[in-house]
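Dear colleague,

I am handing over the structure that we spoke about, with the sequence alongside. Please open both before you read on, since my notes refer to them throughout.

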Amino acid sequence: MPATITFHPVGCGDMTLLQLADSDQTSILVDINIRAGADDPDGEHRDVVSDLRGRLKRDAKKRPYVDAFLMTHPDEDHIRGLQKHFHLGPLADYADDEKPDAEKKIVIREVWSSPLVYRRADKSHVLCDDAKAFNKEAKRRVGVNRTKGFAGVEEGDRILVMGEDEGGKTDDLGPILVKVDESFSTVNTANKAGYFTATLLAPMPKQADAAEEEKLGKNHSSVILNMKIGADARTSDGCRFLVAGDAEVLIWERLWNKHKSNQAVLEYDLLLAPHHCSWHTLSWDSWSELREKAEVSADARSALGVTRAGAVVVASSRAIKNDDKDPPCIRAKREYESIAKDANGSFKCVGEIPSEEEPEPLTFNVTAQGVQQVAKQEAGRKAAAVIGSAATPRPHG
Ligand SMILES: [Zn+2]
């Protein structure tokens, strides 16, 4: 099986499933936005829960699971539906074994979480119940790890902490802490090197200067990962997938100034356009107020423009219209189209494929030269014919 990346149509929100090409078909879920009715075939929205469940494997106890779940930041459009559809608390308390498969909560074998992102969000606005539940679960898992001395921690209690917290709070977390600019290849404690390596680019650490720290909080501080995903056992660098939650313009300017002399860490074949194709990712100006007079931040655009040949930019949003709305913003779409065009790539909006009225999950296969969209979207991993011409061969190294 090739590695796949599936974007679920969840409106302005994110819900992305990676399935690696290893024999375990390791699964990594990034964010969820399960709106009311999106777990019902007759509901108003696409039944993304059935789509997701159809792709997940079952464990020895017939429980659906993901190997890892990353919450990029605790806004509702990235964590909605957690308590309803995922098991939280010790696995010993799992209560759904006698229920039909469709009613069993999904097990999260390992949580990927950032306490600093959570802290910044908590300061700037009221968090939803699912975000609070996620934080409680993350804290529980860190507690189990500390109690066990980080050894022999069972599935369902595992966690990787993305970035250092303030005040030395994460200094004792050694084996479960990933610091900014570090890379890791473990998923649910298994070494997946060759199939998966991720580099943590953000959240930027707590700033000593209070005004600077406040700015980071207001720019939708998010976990940013650049993931190298293997196409098969021989091709470890099939695609680079850049995921960044809702990170806004200041974050991208900082990343550019930090990495412009070594841009490889920003390079991608597939970019999930930050903040659902928001203009605020690319500019300090208001789109609705200034329209075409709004100016692009050259540094932010540069940070988001380090493409490889055939690069694809995906907006996880509703259909993008030529209006004042933001996100998604038509002007941001034009910038991403321009970036993708320079790489002989393309821009896709999840909310428009195959149609605005009935969007379906958008799946890409990871190939030796990046990604290719799977033509017919089906539940499960039955990849149908691949459309489009083969990606332009990309010089490696
Ligand atoms: Zn969002």
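Below are my notes on the metal site, the sheet and the helices.

This is a predicted model, in which local features need pLDDT of at least 70 and side-chain atom pairs count only at pLDDT 80 or more, while totals for chains, interfaces and linings use all residues. Residues are numbered from 1 along each chain as its sequence is written, and side-chain values use heavy atoms, with hydrogens and water left out.

The zinc site

The zinc ion has its protein donors in D77 (OD), H78 (NE2), D246 (OD), D246 (OD) and H276 (NE2), at 2.1 to 2.7 Å; donors here are N, O and S atoms within 2.8 Å of the metal (3.2 Å for Na, K and Ca), and because water is not among the atoms, sites may look incomplete. Along the sequence, the spacing of the donor residues reads D-H-x167-D-x29-H. Distant parts of the chain are linked by the pair D246 and H276, which are 30 residues apart, with D246 in the loop between β14 (239-243) and α7 (249-259) and H276 in helix α8 (residues 274-277). Helices (H or I, at least four residues) and strands (E, at least two) are DSSP runs, numbered from the N terminus. D246 counts as buried at 1% relative accessibility, and H276 is likewise buried, its relative accessible area being 1%; buried means under 20% relative accessible area, exposed over 50%, and partly exposed in between (1.4 Å probe, protein chains only).

The sheet

Nine strands form an open sheet with mixed pairing, in the order β8-β7-β6-β5-β3-β2-β1-β18-β19, where two strands pair if DSSP finds at least two bridges between them. The edges are β8 (177-178) and β19 (370-373), each of which has a single partner strand, so one side of each is left without a neighbour in the sheet. Strand β1 pairs in the antiparallel sense with β18 over 4 bridges, F7 standing opposite L362 in β18, and β1 also pairs in the antiparallel sense with β2 over 4 bridges, where T6 has L17 as its bridge partner. Both faces of β1 are covered, with T4 and T6 buried on one side and I5 and F7 buried on the other.

Elsewhere in the sheet, W112 in strand β6 is buried, with a relative accessible area of 0%, and its C-alpha atom is separated by 6.7 Å from that of M71, although the two residues are 41 apart along the chain. In the edge strand β19, Q373 is buried at a relative accessible area of 12%, and its side chain is joined to that of K348 by a polar contact of 3.1 Å (a pair of N or O atoms within 3.5 Å; within protein, one must be able to donate a hydrogen and the other to accept it, and residues adjacent in sequence count only if both atoms are side-chain atoms).

The helices

Helix α4 (residues 115-124) has L116, V117, Y118, R120 and A121 as its buried residues, and what covers them includes α5 and α6 (210-218). Residues E212, K215 and L216 in α6 meet L250, I251 and R254 in α7, contact meaning heavy atoms within 4.5 Å.

With best regards
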